[in-house]
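Let's take a walk through this fold, strand by strand. Have the structure open and follow along.

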Amino acid sequence: EGLRNYMSSFSYGNATTDDLWGAWEDVSGKPIRKLMGQWTRQMGFPLLELKAAEPQPDGSIKLSLHQSWFLSDGSAPSSSQSWTIPLFVTASGGANGEEKMDEAPLMPAEADFELNVKGDGAWFKLNAGQHVPMRVVYPETMVPNLASAVRTKSICAADRIGLLSDYAALARAGRVDPASYLELLAAYSAETDGTVWSMVLEQLGALRGILNDDETLSELFSRFARSMLLPKLAEIGWSPLETDEHLTRKLRGELISILSSFCANEPEVQAEARRRFDAFVADPSCSELPSEYQQAVYKLVLAGGGEAEFETLLRLFDTLALNEEKKSTLMGLGAAPTPELRTRALEFAISGKVKLQDFFYVSLSMHRASAAGKAQTWEFFKQNMSRYTAMTDKATSSILDAIIIGAISGFATEAKAAEVRDFFGANPLPRNERTITQQIEAIDASAKYLQRVQASTAKEWLESYLQK
């Protein structure tokens, strides 16, 4: 009704955001202007912290809450900000988070607030249903119980996604112990929901990118990831089924796509990828290599192969008709396993045989494939920057942006940040300055995150987990 009133009142005139809030406020009797103004005019969003949960004589639990301005890089806010926050809560043995939007209690725009809820106190899920754009952090002692709630599906899929997303961001910002984040992540091993699994795969890939610059942590984390991925692969298989739901087919493609990052040396994975690759090479019209993981199979086969497989991918690039299929071969070349083949792949990309709008796929893929690939794409860029700039001189700046990202993204040490900063200081690219600055900032943030992981008990937690 409020929206209809708004449309009617301003159908032939100008309106402001406040006019829309006012129309809803008039109908609902709620302070919509004040509440929404905080969310639309203030930069960023809040971090809601559960400070304590105390049993009360009436059997309820009193939650002590604190809000602050969340900054993803972990830095201290330059000023204080607060929001009026609708509080939706799911609790072990009590509240189910199903309050209607207009019935949810509101935390005023103040730092601290107390709320009584029903429950047994084992765990609470704030922002139940993920209605509010904010991060939530819990006492470290509650993480094992939250992990149990994830394993038993005691919280809904949206909340399982939200909880993992929160802790990934909080670990990166230095607000939670990385070991606690890993403990929570491990709880998703038995996950059954395809959408939740997409978030799990995203976080596995993100952590791999950070830990690549620490050989010991990288190897431990890869073993941890394999312990999650291989059982799920065995469950859903490689072959699409007629009974597959859309999310199952989507998950299969995503799961197989990440195998080259963690499972390229697994004999069963290599054997199945090789079988499907050989069938496709013999007959590209066969059904053995679905488009959703064509690229992944190319990467697996080349990573476990050599020059013969490299040449086969080049032939496929020449003979496949669809541009999407050609792009998949370019991405596959990024998995070249030796320095010589990596150089050949990067040279092929700028040889003129690849369309200008596609040639950067090789370096993007190679940079993400391994620590060795990351180092080599950066060295190749430094040695060949003049060739790249000549190729892209008349193109949109986004083309060279992609090449720059495929040369410097993902590093996670202060030394590498300094090296990149010094190189572009001596070799400026004015059209791409924003991308370069953003990437250097990302390297600085990743370096801080890696240092936090190294200083935490994450290594000991991984070793203990893998011994079970």
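Before we start on the strands, one definition: two strands count as paired if DSSP finds at least two bridges between them. Keep in mind, too, that this is a predicted model.

A good place to begin is the hairpin. Strand S1, residues 45-55, and strand S2, residues 60-70, pair antiparallel over 10 bridges. In that ladder, Ala52 sits opposite Ser64 of S2. The hairpin has 4 residues between its two strands, and Gly59 in the turn has a positive phi of about 95°.

Now step outward from S2. S2 and S6 run antiparallel and are joined by 7 bridges, with Leu65 standing opposite Phe113 in S6. On the S1 side, the partner is strand S8, residues 135-137: 3 bridges link S1 and S8, and these two run parallel. Here Leu47 faces Arg135 of S8.

Put those pairings together and what do you get? An open sheet of 4 strands in the order S6-S2-S1-S8, with mixed pairing. Strand S6 (112-118) and S8 are the edge strands, each pairing on one side only. On average, neighbouring strands in this sheet are turned by 30° against each other, ignoring direction.

What lies across the sheet's strands S1, S2 and S8? That's helix H5, residues 157-172, which runs at about 80° to S8.

Finally, have a look at the surface. Leu3, Met7 and Trp24 make a nonpolar patch of about 300 Å². Leu3 belongs to helix H1, residues 2-9, and counts as partly exposed because its relative accessibility is 44%.

Note on methods:
Residues are numbered from 1 along each chain as its sequence is written. This is a predicted model: local features need pLDDT of at least 70, side-chain atom pairs count only at pLDDT 80 or more; totals for chains, interfaces and linings use all residues. Side-chain values use heavy atoms; hydrogens and water are left out. Patches are made of residues with over 30% relative accessible area and no salt bridge: like charges are joined within 9 Å, nonpolar side chains (Val, Leu, Ile, Met, Phe, Trp, Tyr) within 5 Å. Accessible areas come from the Shrake-Rupley method with a 1.4 Å probe; for residues, only the protein chains shown count as cover. A salt bridge is a side-chain nitrogen of Lys or Arg within 4 Å of a carboxyl oxygen of Asp or Glu. Buried means under 20% relative accessible area, exposed over 50%, partly exposed in between (1.4 Å probe, protein chains only). Axes are lines fitted to C-alpha atoms, for helices over the stretch in contact, and angles run from 0 to 180 degrees between N-to-C directions. Contact means heavy atoms within 4.5 Å.
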